[in-house]
Amino acid sequence: MTAPAATALPRRRLLGYGVGSVGTGVFSSVPGLLLLYYLTDVLGVSAAIAGAVLVVPKAWDVLLNPIVGAASDREAVRTGRRTRLLLLGAAALPLLFAAMFAVPVDSPGIAAAWAGVAFLLAASAFACFQVPYVALPAEISADPSERGRAMAWRVVCLTLGILVAGGLAPALTEAAGGGRAGYALMGGVIGLAMGAAMIGSTLANRWIPSRPGPRPLGLVAALRTARGNRPFFLLLGASVLQILAVGIMLAGAPYVATYRLDDYGLTSAMFVCMVGPSAFAVPLWRWLSRKYGVVECYVVGVLLFAVTGVAAYPVITSTAGVLVCAGLVGVCYAAMQLLSLVLLPETVHADTGRTGHAQAGAFTGLYTAAETGALALGPGVFALILAATSFHSSDLETPVVQPASAITGIGVGFTIVPALLLLISVPPLLAFRRATARRPVEEAQENAV
């Protein structure tokens, strides 16, 4: 008896899944965009210490995410759903996010400690939501085309979240007068919006059945199971380099606006110009990938991103030039976001026949751990560039004139360094294409035997 063909997912279910990415986009972008600047230029924390505040909580997340992934798989075996962890993260994250930007004292040392602890707790709550959320596409449909549709909706919603947060967060801060009060207001408002999207998505996705079986694996066994999936780790390596590049650019945006364009308010405009085109580019990249191949279009998008980054360096003192380059970056960023997410659930499905375990949580725990660490490492790397080029931190009331070396470091860190990382990510993608091309042949040989 032939299994019935998978039915098309209705739009309400695609929207119910995708809207969760509005919340994940907010948390993935706002700390990277504003927290480093908040610490160095509002609270007077040194660049080196501020960089550590951003990196340490995410380093913890790198350890935590695989644990959450294994726990999510165990919950799925027991209950057939991943709802409890999703709801825990969605409910706790908004409060902790607001606390990150509500430092109650003027002391730079206490400010660094407060923000660091709040960020660590917020990152832990985010892991509870993000890991099972990323596991859901592998279970949302048996049809690869439908999984691709779900990814397209997710990336559009993710882009919307990043756009709203990146454009609205600096504007809210400025509208409230800047300083500590402005950042506190921004944290509360953005946190509420983030929580609404994530809780709504959690409730909307209760219909998705999780079938990781045949039995729950512990963390060590899950990692051992995942170890032989070479395409997954090639994709992971490429994605980490690309996300690190994006994280460095996000961290550098307020500094470019302030010290190269002489207007912090342009941070919002830069962000909107970068992220806005992504939403419109997603359908284009999806069409191109179905016509010419996912990996092929992925490589083209990464190379165009790198070329645009290099081209941005000579025009970094021109507002128009920076905004145009930001728009081109957004088109390329859409390819990276969409096509990496299209490939991720396929690596999980391809591995099921090899191991007998569809451990989506285990794989997404590893993937989100690396993704989270890379995105958080971006501000840390940019902070190191600032420290190495003699950047001078200050509070809002006592601005300083930066040396020429720091001005150069801001430009190089925002353009050339991300471009180099993107170029380095291309060989793993080409190796991924070779590895996945061989797999059908190897499986056919095994079946023949």
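A374 is buried, with a relative accessible area of 4%. This holds for a predicted model. The residue A374 belongs to helix α14. Its C-alpha lies 8.5 Å from that of K58, although A374 and K58 are 316 residues apart in sequence.

Helix α3 was examined for length and bending. Its 33 residues, at 1.5 Å a residue, should span 48 Å. The end C-alpha atoms of α3 are 46 Å apart, which agrees. A bend of about 35 degrees occurs in α3 at L63. A proline, P66, follows that bend within four residues. After α3 comes G80, with a positive phi near 80 degrees.

Helix α11 was treated in the same manner. It covers residues 266-292. For these 27 residues, 1.5 Å a residue gives an expected span of 39 Å. The computed distance between the end C-alpha atoms of α11 is 37 Å, which agrees with the expected span. The helix α11 bends by about 45 degrees at F280. Here too a proline follows within four residues, namely P283. G293 comes after α11, and its phi is positive, near 115 degrees.

R82 is placed in the loop between α3 (47-79) and α4 (83-100). Is R82 buried or exposed? Its relative accessible area is 2%, under the 20% cut-off, so R82 counts as buried. The side chain of R82 makes polar contacts with two other side chains. One partner is S72, at 2.7 Å. The other partner is E139, at 2.6 Å.

Aromatic contacts form a further group. The structure holds 15 aromatic pairs. One of them joins F129 and Y133, with ring centres 5.2 Å apart and planes at 20 degrees. That angle is under 30 degrees, so the pair is stacked. F129 and Y133 are four residues apart in helix α5 (residues 108-135), and are therefore separated by about one helical turn. In an α-helix there are 3.6 residues a turn, so residues three or four places apart point the same way. Both F129 and Y133 are buried.

Y259 and F391 form an edge-to-face pair. Their ring centres are 5.7 Å apart, and the angle between the planes is 85 degrees. This pair links distant parts of the chain, with the two positions 132 residues apart. Y259 is in helix α10 (residues 230-260). F391 is in the loop between α14 (360-388) and α15 (404-414). Y259 is buried, and F391 is buried as well.

One aromatic cluster takes in F27, Y38, F97, F101, F119, F126 and Y183. A charge-over-ring arrangement is formed by R13 and W207. The charged end of R13 sits over the ring of W207, 4.0 Å from the ring centre.

Cysteines were considered last. A disulfide is a covalent bond between the sulfur atoms of two cysteines. How many disulfides does the structure hold? With a cut-off of 2.5 Å between cysteine sulfur atoms, the count comes to zero. C297 is buried, at a relative accessible area of 7%. C325 has 11% relative accessibility and also counts as buried.

Methods
Residues numbered from 1 in each chain as written. Predicted model: local features only at pLDDT ≥ 70, side-chain atom pairs only at ≥ 80, totals over all residues. Heavy atoms only, no water. Phe/Tyr/Trp six-rings, centres within 6.5 Å; stacked < 30°, edge-to-face > 60°. Buried < 20%, exposed > 50% of the residue type's maximum accessible area, 1.4 Å probe, protein only. Lys NZ or Arg CZ within 6 Å of the ring centre and 35° of its normal. Polar contact = N/O pair within 3.5 Å; in protein donor to acceptor, adjacent residues only side chain to side chain. Expected span 1.5 Å × (residues − 1). Bend = angle between axes of the 7 residues up to and from the residue.
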